[in-house]
Amino acid sequence: MKFKESNRTHQVGKDKGKPILVPDIKSKEDIPEKVKKFFDESYSFLENLVGKDNVIYAEIHYDEDTPHLHFYFMPIVSVVKRKVFETDSNGNIVYREGIDKKGNKKMYPVQKKDINGKNIFKTETGKFLNCDQFWKNLGGKTSYAKIQDDYNKFITEKGYNLFRGVIGDNKHHKTKVEKEIDDLNDKIKEMKTEFERNKKLNDIEIETTKEISKIDSKDILNPVKRKVVGYKEEDVNKLIDYSKQIQKQNSNNQGIIKKKDVLINELTDKVETLQSENTKLKDGRAIKERDTKIYEQQQTISKQKNIIKEKNSIIEKLEEKVNEIQETFNNFKEKMFNFCDKICRALGHKIGIHFSKNSEINYNDMEYYAKNINRKYEKSEKNKSDDFEIGM
């Protein structure tokens with residue numbers, strides 16, 4: 001496939017500063033057959049996954065940085081599991097009052113249970129638009145990972161060397177802000193590395209400059225008497241200056257060598273790192289380490305799932321118990337209300353206040369009458385207890 005420059009450059013990473021290339025497509029003839037076949041095979045995989053009749057729309061985009069396929073479908077399933085609820089004698093669903101997560105009262109339908117106390121479900125067949133059941137059929141929480149595994153195996157067998165990616169890496173698509181933060185962190189890292197390098201080079205430069213400045217003050221190159229028997233004074237001075245230049249050049253060369261050493265050490269570290277990674281790949285250590293890490297993560301996830309399952313079971317039982325207590329309390333409250341209503345009506349009839357069957361009772365008035373009657377009997381009991389009995 002032909003590519004062209006996009007007038008943009010990579011801002012970070014190993015390609016920083018290099019131009020960003022995009023596909024140069026002006027007609028169908030510019031698309032290689034292998035690329036067309038790749039998308040045809042990918043479409044075939046997805047069509048087989050969701051069902052041919054359930055595909056709504058599919059289109060390949062070649063006009064962006066990376067050619068890609070858009071695929072839309074309806075999550076149609078042929079079998080669904082539905083909850084079975086308790087019903088009353090009229091066939092209406094029975095509801096029970098409960099407390100939701102926010103502490104508010106809420107009416108919940110009562111799910112039917114078998115003799116072992118497990119929830120009962122019924123199975124229906126047909127054609128259902130059910131997104132939840134569709135993904136459950138494909139593996140639930142692991143459905144995406146399974147599709148990626150199956151697709152990688154499928155497309156690799158078709159002759160395309162596609163990298164699966166790191167399994168269990170939990171990577172997610174970055175937002176624009178997250179990408180900018182990562183780019184800034186990469187720039188900061190590069191700046192820190194550049195600063196450390198320049199600091200080392202600058203220290204070498206200062207050391208070299210000091211060495212060169214010492215040359216002019218060396219006694220051996222600055223004799224008090226410049227006359228040497230058999231030589232002209234001018235020639236002697238030239239010889240001294242030449243010696244100074246040689247020593248300065250020598251010091252300067254030593255500084256350059258030290259700077260080169262800094263850069264060589266950096267490259268050596270990079271080479272050693274690459275060699276170590278290459279060795280791991282050759283002897284399979286990298287794959288073993290990855291697989292070990294994945295296995296440990298899977299074990300941890302499995303343990304956490306079991307803990308969550310146990311906790312959910314406990315919570316479910318507690319919710320049922322709370323609902324039972326709430327129901328018992330409501331029944332008790334209703335019985336107490338009916339009992340008090342009967343007592344008040346009986347009291348009313350006793351003191352000459354008669355109520356019809358459907359008339360409302362003023363409980364404040366009845367409480368007032370009850371207090372007066374009780375006070376009368378309490379006073380009578382008190383007077384009786386104050387009497388003295390004299391025996392002969």
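## A tour that starts at the cysteines

Select Cys 344 and Cys 340 to begin: the sulfur of Cys 344 has its closest cysteine sulfur in Cys 340, 6.5 Å away, and that is too far for a bond. Keep in mind as you click around that this is a predicted model. What would a bond here have been? A disulfide is a covalent bond between the sulfur atoms of two cysteines. For this tour, two cysteine sulfurs need to be within 2.5 Å to count as a disulfide. How many disulfides does the structure hold? Zero.

While Cys 344 is still selected, turn on the surface: Cys 344 is buried, at 13% relative accessible area. Now jump to Cys 131, which is partly exposed, with 43% relative accessibility.

**Stop two: charged partners**

Stay in this part of the model and pick Asp 341 and Arg 345. These two form a salt bridge, and their closest N and O atoms are 2.9 Å apart. Both residues sit in helix H6, four residues apart, which is about one turn of the helix. Are they buried or exposed? Asp 341 counts as buried at 17% relative accessibility, and Arg 345 counts as buried at 17% too.

Here's the basic idea behind such pairs. Side chains of opposite charge can pair when their charged atoms come close. Searching the whole structure turns up nine salt bridges, so let's visit another.

Select Glu 320 and Lys 113. Their side chains meet in a salt bridge, at 3.3 Å from N to O. Glu 320 belongs to helix H6 (residues 285–351) while Lys 113 is in the loop between strand E7 (105–109) and E8, so this pair ties together parts that are 207 residues apart in sequence. Colour by accessibility and you'll find Glu 320 partly exposed, at 25%. Lys 113 is partly exposed as well, at 33%.

Next, select Lys 122 and Glu 124, whose side chains make a salt bridge of 3.7 Å, N to O. Lys 122 is partly exposed with a relative accessible area of 42%, and Glu 124 is partly exposed with 24%. Now add Arg 82 to your selection: Arg 82, Lys 122 and Glu 124 are linked in a network of salt bridges.

One more charge to look at: Lys 81. Show it together with Phe 121, and you'll see Lys 81 lying over the face of the Phe 121 ring, 5.0 Å from the ring centre.

**Stop three: the rings**

That ring is a good cue to go hunting for aromatics. How many aromatic pairs does a search of the whole structure find? The count is 12. Start with Phe 38 and Phe 39, an edge-to-face pair with 5.4 Å between centres and 75 degrees between the planes. Phe 39 is buried, at 7% relative accessibility.

Then compare that view with Phe 71 and Phe 73. This aromatic pair is tilted: the centres are 6.2 Å apart and the planes make an angle of 40 degrees. Phe 71 counts as buried at 18% relative accessibility, whereas Phe 73 counts as partly exposed at 27%.

Don't hide those two yet. Add Tyr 43, Phe 134, Trp 135 and Tyr 144, and you have a cluster of residues, together with Phe 71 and Phe 73, linked by ring pairs.

**Stop four: a nonpolar patch**

Switch to a surface view and select Ile 56, Tyr 57, Tyr 72, Met 74 and Leu 129. Together they make a nonpolar surface patch of about 520 Å². Zoom in on Leu 129: it is exposed, with 61% relative accessible area. In cartoon view, Leu 129 is in strand E8, which covers residues 121–129.

**Last stop: two asparagines**

Select Asn 7. What is unusual for a residue that is not a glycine? Asn 7 has a positive phi, about 65 degrees, although it is not a glycine. You'll find Asn 7 in strand E1 (residues 3–9), and Asn 7 is exposed, at 77% relative accessible area.

Finish with Asn 152, in helix H3 (residues 143–157). Asn 152 counts as buried, at 16% relative accessibility. Add Arg 164 and draw a line between the C-alpha atoms: Asn 152 and Arg 164 are 12 residues apart in sequence and 6.0 Å apart in space.

Conventions:
Residues are numbered from 1 along each chain as its sequence is written. This is a predicted model: local features need pLDDT of at least 70, side-chain atom pairs count only at pLDDT 80 or more; totals for chains, interfaces and linings use all residues. Side-chain values use heavy atoms; hydrogens and water are left out. Patches are made of residues with over 30% relative accessible area and no salt bridge: like charges are joined within 9 Å, nonpolar side chains (Val, Leu, Ile, Met, Phe, Trp, Tyr) within 5 Å. Accessible areas come from the Shrake-Rupley method with a 1.4 Å probe; for residues, only the protein chains shown count as cover. A salt bridge is a side-chain nitrogen of Lys or Arg within 4 Å of a carboxyl oxygen of Asp or Glu. Helices (H or I, at least four residues) and strands (E, at least two) are DSSP runs, numbered from the N terminus. Buried means under 20% relative accessible area, exposed over 50%, partly exposed in between (1.4 Å probe, protein chains only). Rings of Phe, Tyr and Trp (its six-membered ring) pair if their centres lie within 6.5 Å; planes under 30 degrees apart count as stacked, over 60 as edge-to-face and the rest as tilted. A charge sits over a ring if NZ of Lys or CZ of Arg is within 6 Å of the ring centre and within 35 degrees of the ring normal.
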